[in-house]
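Please look over the chain below and report on how its metal site, its cores and its helices are arranged. Keep it short.

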Amino acid sequence: MDKKFRLSIWYFIIAFWGLIILQEIYFAAQHMDEVSYSQFKAWVQEDKVAEVSITEKMIHGKLKSQNSQDSPQWFQTVRVDDPDLVKLLEEKHVEYAGVVVSTLWKDVASWVVPILVFAGIWFLILKKLGQGAGGGFMRIGKSKAKVYIENDIPTRFADVAGVDEAKDELMEVIEFLKTPEKFTRIGGRIPKGVLLVGPPGTGKTLLAKAIAGEAGVPFFSISGSEFVEMFVGVGAARVRDLFEQAKSKAPCIIFIDELDALGKARGTGPMMHEEREQTLNQLLVEMDGFDPRVGVIILAATNRPEILDQALLRAGRFDRQVLVDRPDRSGRTAILAIHAASIKLAPGVDLEKIAAMTPGMVGADLANVVNEAALLAIRRGRETVQQHDFEEAVERVIAGLEKKSRVLSQEERKRVAHHEIGHALVALSLPGADPVQKISIVPRGIAALGYTLQLPTEDRYLLTRTELENRIAVLLGGRVAEELVFGEASTGAADDLQKATTIAKRMVKDYGMSEKLGTVALDQSAQPSFLKTNEPLGAPTYSEHIAQEIDLEVRRMIEDQGSRVRELLSTLRPVMLKGAEKLLKDEVLSGEELKALLLSKTKEEPSAHHAETRN
Ligand code: ADP
Ligand code: MG
Ligand code: ZN
């Protein structure tokens with residue numbers, strides 16, 4: 001979009017210079033000596049003039065050439081009211097003609113030509129932006145050129161792999177598009193907008209198409225960045241047009257790719273900003289204005305949900321979000337199988353092995369790996385693609401990716417696996433901690449190397465002291481596991497420590513949960529501002545001495561939990577090692593699997609059982 005804008009500025013500059021040059025040429029061709037009327041008359045008297053043409057205001061003429069090689073010399077002079085002139089010209093046998101329309105023509109031309117040139121350039125720009133095509137100025141708002149309508153989409157769910165959870169969630173959307181009556185009869189609420197969230201290349205666009213394909217409905221697609229044009233109001237008109245078209249084709253799907261380009265808060269320039277806001281507003285208006293029962297479902301995709309305008313996520317808009325995550329090992333095997341189906345594999349190619357080599361890769365990367373492997377085989381003049389072609393292709397693709405994002409080394413992955421198992425084991429062992437749903441070491445950007453997903457069984461408004469202590473313990477589990485297995489901690493636990501410290505601080509300062517400092521709320525900064533006295537904002541309401549005590553108390557609390565966790569994980573060491581090994585292999589582990597591991601191990605070793613009953 002930025003590029004487009006710059007492009008059209010270039011058009012203007014080139015057109016401007018073109019005009020100036022054109023004008024120069026026009027006048028240069030016209031160049032004549034400007035002479036006085038008396039000089040002109042003298043030339044006539046002296047028999048030097050060959051011919052003249054007389055217009056209302058001017059007299060143009062040509063001098064007789066001295067010899068035939070000379071180019072004729074032209075001159076002009078302002079016409080004076082001189083009744084004797086014609087007589088004089090007759091006398092001297094000068095050819096003369098009265099030209100009336102000639103100046104008029106020139107006047108008109110000098111106005112019309114630049115206008116035509118400008119109009120032409122304007123038209124070209126519009127066409128370049130894909131609007132003016134075949135319609136002229138009146139169709140700026142028509143989005144025909146930009147909205148891609150596809151009717152018989154061949155993509156099916158079977159073409160998308162490794163995103164089973166997202167598929168499950170999207171089944172309902174397909175059901176609705178297939179048989180809207182079934183839903184409307186019961187009066188159930190139908191989703192209006194579904195937002196597909198996930199890193200680039202995980203198959204969001206592919207999924208959206210597969211939904212349309214499975215449901216057998218038309219698919220309107222448009223990219224958020226295409227909405228944002230340099231002309232204010234065009235984007236909004238397009239949104240209106242898009243919805244109009246879609247409603248007439250219901251049931252159907254509207255897919256807005258790169259929603260963040262449209263829905264983000266900050267702009268690149270003042271012009272862009274206003275345009276985006278208008279477009280965004282129009283989208284919100286359209287989404288609010290239509291009844292989902294007509295059978296139009298709006299899908300959108302983004303890889304940056306955090307920068308989206310909150311208004312987009314409100315109820316009745318994109319209120320349902322579906323995570324399209326990076327695939328785990330078995331998911332990657334399935335994706336490789338899909339893409340490898342179109343190439344000839346040598347017998348003995350082990351896609352599982354390739355999948356194990358490619359942690360963190362997304363569907364697009366894997367499609368790339370298969371393609372590279374095929375190219376390598378062709379380059380070597382082979383008929384089929386062999387295992388080592390794949391292995392080399394993986395290396396190539398990783399080399400390309402490493403420039404963009406870091407790929408974890410084997411040593412780092414091992415550490416991350418033990419760290420996450422540490423969190424999970426503590427959470428599983430402590431009564432009252434939120435149950436562990438899933439443990440994953442599929443890399444996801446720089447922020448988190450792995451994660452342990454704990455789902456609360458119910459919404460909690462009140463937490464007891466024990467529960468808070470357990471939370472701190474779970475947070476420390478990762479770091480302690482690293483210490484136990486590798487002998488020292490790493491920077492990977494920084495975020496955990498921060499969270500644990502925040503909890504401990506609030507326990508001491510806000511909840512009065514420290515015996516030492518007593519049942520006093522020490523931090524008053526959480527009060528609403530109208531209750532505030534004239535104290536400066538954020539100033540502590542306690543003495544320096546108390547501040548020191550708070551720090552000590554926070555430290556003691558965290559250290560207490562730390563030693564508790566250390567003891568717990570030491571007794572569970574065999575489970576921890578076994579679990580980490582399994583996690584390294586599979587990349588994801590369900591809470592159930594780890595629990596089974598924990599139970600079988602503790603049965604083998606009665607001493608561990610003893611440790612568990614202590615909690
Ligand atoms: P996104 O929209 O999430 O950036 P795309 O849907 O455009 O990703 O994916 C680009 C290409 O990568 C697809 O056309 C497909 O070939 C491949 N691909 C991505 N994800 C998957 C997947 N889950 N299963 C199969 N192929 C995939
Ligand atoms: Mg996409
Ligand atoms: Zn952690």
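The report below takes the metal site, then the nonpolar cores, then two helices.

**Zinc site**

This is a predicted model. Which residues hold the zinc ion (ligand 3)? His419 and His423 each coordinate the ion through NE2, and Asp496 does so through OD. The distances run from 2.0 to 2.1 Å. Along the sequence, the donor residues follow the spacing H-x3-H-x72-D.

His419 and His423 both sit in helix α16, and because they are 4 residues apart there, about one helical turn separates them. An α-helix has 3.6 residues a turn, so residues three or four places apart point the same way. Are these histidines buried or exposed? His419 is buried at 6% relative accessible area, and His423 is buried at 7%. The table sets them beside a buried residue from another helix.

| Residue | Relative accessible area |
|---|---|
| His419 | 6% |
| His423 | 7% |
| Gln282 | 15% |

**Nonpolar cores**

The largest nonpolar core counts 31 residues. Ile421, Leu425, Val426, Ile439, Leu569, Leu583 and Leu594 have the most contacts inside it. At least two core residues come from each of α16 (410–429), β12 (436–440), α17 (465–486), α19 (544–571), α20 (573–586) and α21 (591–604). Helix α16 gives the largest share, 8 residues.

What does Leu594 touch, beyond its neighbours within four places in sequence? Its contacts are Ile421, Ala424, Leu425, Leu428, Ile439, Gly579 and Leu589.

Another core lies apart from the largest one. This other core has 29 residues, including Ile190, Ala208, Val217 and Ala301.

**Helix α11 and Gln282**

Helix α11 spans residues 270–289 and contains Gln282. The side chain belongs to a polar residue type, yet Gln282 is buried: its relative accessible area is 15%, under the 20% cut-off. Leaving out residues up to four places away in sequence, Gln282 touches Ala236, Val239 and Arg240.

**Helix α14**

Helix α14 covers residues 363–379, 17 residues in total. From first C-alpha to last, α14 reaches 24 Å, close to the 24 Å expected at 1.5 Å a residue. Which of its residues are buried? They are Gly363, Asp365, Leu366, Val369, Val370, Ala373, Ala374, Leu376 and Ala377. Just after α14 comes Gly381, with a positive phi of about 70°.

Note on methods. Residues numbered from 1 in each chain as written. Chains lettered and ligands numbered in written order. Predicted model: local features only at pLDDT ≥ 70, side-chain atom pairs only at ≥ 80, totals over all residues. Heavy atoms only, no water. Core = buried A, V, L, I, M, F, W, Y, C linked by side-chain atoms within 4.5 Å. Buried < 20%, exposed > 50% of the residue type's maximum accessible area, 1.4 Å probe, protein only. Contact = heavy atoms within 4.5 Å. Donors = N, O, S within 2.8 Å, 3.2 Å for Na, K, Ca; no water. Expected span 1.5 Å × (residues − 1).
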